[in-house]
Amino acid sequence: LTAGGSADGLVAWWGPGGSAINAVLVGGPDFDGLRAIAAAGSRVVIAGFYAGSIRLGDQALTSAGGDDAFVAAIDPAGVARVWPIRGDGREEVTALAAIAGGFVAGVSHTAAVQVDAAALPSPPDPMSGAAVVVRPAH
């Protein structure tokens, strides 16, 4: 696998004997990366950030401004589902954990933000925007 930009994220699976099963490269042409990973059934849920644009499976994301974030469910075959986190400021997933049937993510944001289908207003103080996102991992 070759990085698409100056930095990308990588999730790899190994079998019980240590043999490599597969790896999924996550990134675009700019500086992108991963912040968190959590097991969710037969998949893992990852959270990361990107600048500019990124392709996650069959979904192309373009940042609305600054760095945007995402949460994605992946398995050894690739990206199964994406929850984009986009806004005019900087968005970041600050925490991620698996829960029964899905995941919970903590999101910080400096301006109005769209988390998947939920619109959140701009915080009164750009340093104080926070949200908790709970979604099924399917």
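**Exercise 1.** In this predicted model, list what Val-71 touches, leaving out residues up to four places away in sequence.

*Solution.* Step 1: Contacts of Val-71 include Val-45, Ile-46 and Ala-47. Step 2: Val-71 also touches Arg-81, Val-82, Trp-83 and Ile-85. Step 3: Val-93, Leu-96, Phe-103 and Ala-105 complete the list.

**Exercise 2.** Place Val-71 in the largest nonpolar core and find which strands supply that core with at least two residues each.

*Solution.* Step 1: The largest nonpolar core has 19 residues, and Val-71 is one of those with the most contacts inside it, along with Ile-85, Val-93, Leu-96, Phe-103 and Ala-105. Step 2: At least two residues each come from strands E3, E4, E5, E6, E7, E8, E9 and E11. Step 3: Another core, of 14 residues, lies apart from it; Val-26, Ile-54, Leu-56 and Leu-61 are among its members.

**Exercise 3.** Classify the ring pairs Tyr-50 with Phe-70 and Trp-83 with Phe-103.

*Solution.* Step 1: The whole structure holds three aromatic pairs. Step 2: Tyr-50 and Phe-70 are 6.5 Å apart centre to centre with 40° between the planes, a tilted pair. Step 3: Tyr-50 belongs to strand E4 and Phe-70 to strand E5, so this pair ties together parts 20 residues apart in sequence. Step 4: For Trp-83 and Phe-103 the centres are 4.9 Å apart and the planes stand at 70°, so the pair is edge-to-face. Step 5: Both Trp-83 and Phe-103 are buried.

**Exercise 4.** Find the side chain that makes a polar contact with the side chain of Asp-67.

*Solution.* Step 1: Asp-67 is in strand E5. Step 2: Its contacts include Tyr-50, Gly-89 and Arg-90. Step 3: The side chains of Asp-67 and Arg-90 are joined by a polar contact of 2.6 Å.

Definitions and conventions:
Residues are numbered from 1 along each chain as its sequence is written. This is a predicted model: local features need pLDDT of at least 70, side-chain atom pairs count only at pLDDT 80 or more; totals for chains, interfaces and linings use all residues. Side-chain values use heavy atoms; hydrogens and water are left out. A nonpolar core is a set of buried Ala, Val, Leu, Ile, Met, Phe, Trp, Tyr and Cys residues joined through side-chain atoms within 4.5 Å. Buried means under 20% relative accessible area, exposed over 50%, partly exposed in between (1.4 Å probe, protein chains only). Helices (H or I, at least four residues) and strands (E, at least two) are DSSP runs, numbered from the N terminus. Contact means heavy atoms within 4.5 Å. A polar contact is a pair of N or O atoms within 3.5 Å; within protein, one must be able to donate a hydrogen and the other to accept it, and residues adjacent in sequence count only if both atoms are side-chain atoms. Rings of Phe, Tyr and Trp (its six-membered ring) pair if their centres lie within 6.5 Å; planes under 30 degrees apart count as stacked, over 60 as edge-to-face and the rest as tilted.
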